[in-house]
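Student: I am new to this structure and should like a close look at a single part of it. Could you please take me through the surroundings of the ligand, and then through whatever else deserves notice?

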Amino acid sequence: MSNYHIKNFPEYYHVYRNSVRNPALFWEEIAEEHFIWKKKWDKVLSWDFTKPEVKWFDGAKLNITENCIDRHLATRGNKTAILFEPNNPNEPSEHITYNQLYKRVNQFANVLKTQGIKKGDRVCIYVPMIPELAIAVLACARIGAIHSVVFAGFSSTALATRINDADCKMVITADGSFRGDKTIDLKGIVDDALEHCTSVKKVLVAKRINSNVTMKAGRDFWLQPLLDKASDDCEAAEMDAEDPLFILYTSGSTGMPKGMVHTTAGYMIYTAYTFKNAFQYKENDVYWCTADIGWITGHSYIVYGPLANGATTVMFEGVPSYPDFGRFWQIVEKHKITQFYTAPTAIRALAKHGTTFVDTYDLSSLKVLGSVGEPINEEAWHWYNDSIGKKKSPIVDTWWQTETGGIMITPIPFVTPTKPTYATLPFIGIQPALLDENGKEIEGNQVEGKLCIKYPWPSMARTIWGNHKRYKDTYFSAFENMYFTGDGALRDEVGYYRITGRVDDVIIVSGHNLGTAPIEDAINEHQAVAESAIVGFPHDIKGSALYGFITLKDVSDYRDHDNLRKEINQLISDKIGPIAKLDKIQFTAGLPKTRSGKIMRRILRKIASKDTANIGDTSTLLNPECVQEIMDNSL
Ligand code: WTA
């Protein structure tokens, strides 16, 4: 019998030890006993980090939707699979049972087929947090189309870049979306994007806000009439274990966003197993992850992980501040949420308002609290623990990445003693390592280094879509025979891990990864801008916010700096999305550079964080004189 559900610390210890002594045997038992297969595998694991190539359960045939839906019908047909909570609290919630989900996914899958989508085709999903988003994802998986969900807060340029990179044949969208008291014209954004995309033949449009949209004949179709005509029976495509399930874009430190490719069997097993244990999910629990399905957290822990366990998973369309800052807690009370999984940035934003908005609601249903996306600071941790968990619900601070597919370092609630700001211990099967500057593994405790993973795990991304070399260069070249995460970490005296943050040029703003390069590219397109450098600086709510140092071509051209700031932020908003806007913009005469011409962001980072005492030696710079000027005028 495999240890699918870990219940106490000795068991964690025992299972962990087995899982790393013989990973293939460990994962084979899990796969064998807890999932359904059309055909079993030939080999559990083959890998070579030098290529890099990783295959789990090679030769096996399956369909992930049969594991997430079909197999639950006999025992849980009338159980709520997806519980939809709309933006507006006066609109009723919607309970979609497993039986209904089965029908709706199959209908949608049949629509995809009749609209010309085949196994292996890429479908871009640009849909807000309404049930159609999860259903579209599952419908793609049903027929073996590769979904590429793009967060419906990205701009038309960002959307077009992603559609083109994956060569998508179809876009699924909605007329618009509700966010708090605003509506967003999604269809208009899609129309703008498609001016630059030739691969897209069809656009399916869900109706959400009843706005007037332009429908291009022959290309654009309302979704509902097509669904109404479709049969609710669609055979699940037979997929290879290593067939791509989806592409999801994440920012890199340079260049284009990276289309991380996740494959089928390993991703399914790992997200399911981590979901069960990291949240200690029990049959009648109501689990809520507040992320958007546009990010990996939503893929793994709103859709696939929960559904693979036959869970009830909540999808919330709105924002934490609408109609007021009590919205999250009102939902917790309303649906008697048992597991609540959110991001530190949301916790900080809510903590700012004290407990006035918390105290009116009954939060006694909560058993487990989760945190993800960025380091959780001590103050936020305590507020979450005291005011929300009432000191009785353990906080699972889960460290992981788009690339890792599932949770990698986390306490297991009621099993691992927690410690504020620590993600604590590696999850079952995960072998972390800390490396020094010379690429040597740092052994022992009370040490700090760059966080790597030594051995493959089932849900790791297999490649970057269309660019395997970049995959190798980014993750497998910094350290020999290791996956490099891009994060720094320390290990305390008992072996607990604390993530200290990115060691590359990725900045995490409100839990969203932003690469500096694309933002700088956007800024540099402004006719007045000569050069720019973006760094992060500490921010009370967002964790980090963006600070731009910008030099102008002709300073006399633009005396009205406030206007220019607005134009630059508008440009960023258009090219990337509002999440990438700069909090501070400082115009400078020069940017500090090395003799080889590389901008010294380290110095700018110190200035932005008001840590100028530790600025270090600047005498070797090409232009040391600019540092003083930047310091004098810093914001
Ligand atoms: C950061 C989100 C500290 C980290 C699932 C990582 C965290 C990046 C934590 C991935 C955490 C995520 N503590 N830092 N618990 N979780 N991070 O791809 O820097 O959106 O590399 O995946 O977020 O962000 P991504």
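Tutor: What follows begins with the ligand and then turns to other parts of the chain. Please keep in mind that the model is predicted.

The ligand is surrounded by 17 residues, and the closest are Asp 397, Thr 398, Thr 402, Asp 487 and Arg 502. By type, this shell divides into 7 nonpolar, 6 polar and 4 charged residues. Helix 11 (296-308), strand 20 (395-398) and strand 25 (497-502) each contribute at least two residues to the shell. Several polar contacts can be located. A polar backbone atom of Thr 398 lies 2.8 Å from a nitrogen atom of the ligand. For Pro 375, a backbone N or O atom is 3.4 Å from a ligand nitrogen atom. The side chain of Gln 401 takes part as well, with a polar atom 2.9 Å from an oxygen atom of the ligand. Taken alone, the ligand would expose 530 Å², and the protein buries 96% of that area.

Strand 20 also borders a loop, which runs from there to strand 21 (432-435) and holds Thr 424. The phi of Thr 424 is positive, near 65°, and the residue counts as buried because its relative accessible area is 0%. Lys 336, in the loop between helix 12 and strand 18 (339-342), likewise has a positive phi, near 50°. Lys 336, however, is exposed, since its relative accessible area is 58%. As a rule, most residues other than glycine have a negative phi, and most peptide bonds are trans.

Two peptide bonds are to be noted in this respect. The bond from Tyr 322 to Pro 323 is cis, with omega near -5°, and Pro 323 belongs to the loop between strand 17 (312-316) and helix 12 (327-335). The bond from Lys 51 to Pro 52 is also cis, with omega near -20°; Pro 52 lies in the loop between strand 1 (43-48) and strand 2 (53-58).

Helix 19 offers a further view of burial. In this helix, residues 601-608, the buried residues are Arg 601, Ile 603, Leu 604, Ile 607 and Ala 608. They lie on the same side of helix 19 because they cover an arc of only 155° around its axis. The buried residues pack against helix 17 (516-524), strand 28 (529-539), strand 29 (543-552) and helix 20 (625-632). After helix 19 comes Lys 610, with a positive phi near 55°.

Methods
Residues are numbered from 1 along each chain as its sequence is written. This is a predicted model: local features need pLDDT of at least 70, side-chain atom pairs count only at pLDDT 80 or more; totals for chains, interfaces and linings use all residues. Side-chain values use heavy atoms; hydrogens and water are left out. A residue is near a molecule or strand if one of its heavy atoms lies within 4 Å of it. A polar contact is a pair of N or O atoms within 3.5 Å; within protein, one must be able to donate a hydrogen and the other to accept it, and residues adjacent in sequence count only if both atoms are side-chain atoms. Accessible areas come from the Shrake-Rupley method with a 1.4 Å probe; for residues, only the protein chains shown count as cover. Helices (H or I, at least four residues) and strands (E, at least two) are DSSP runs, numbered from the N terminus. Ala, Val, Leu, Ile, Met, Phe, Trp, Tyr, Cys and Pro count as nonpolar, Asp, Glu, Lys and Arg as charged, and the others, Gly among them, as polar. Buried means under 20% relative accessible area, exposed over 50%, partly exposed in between (1.4 Å probe, protein chains only). The arc is that of the directions from the helix axis to the C-beta atoms. Contact means heavy atoms within 4.5 Å.
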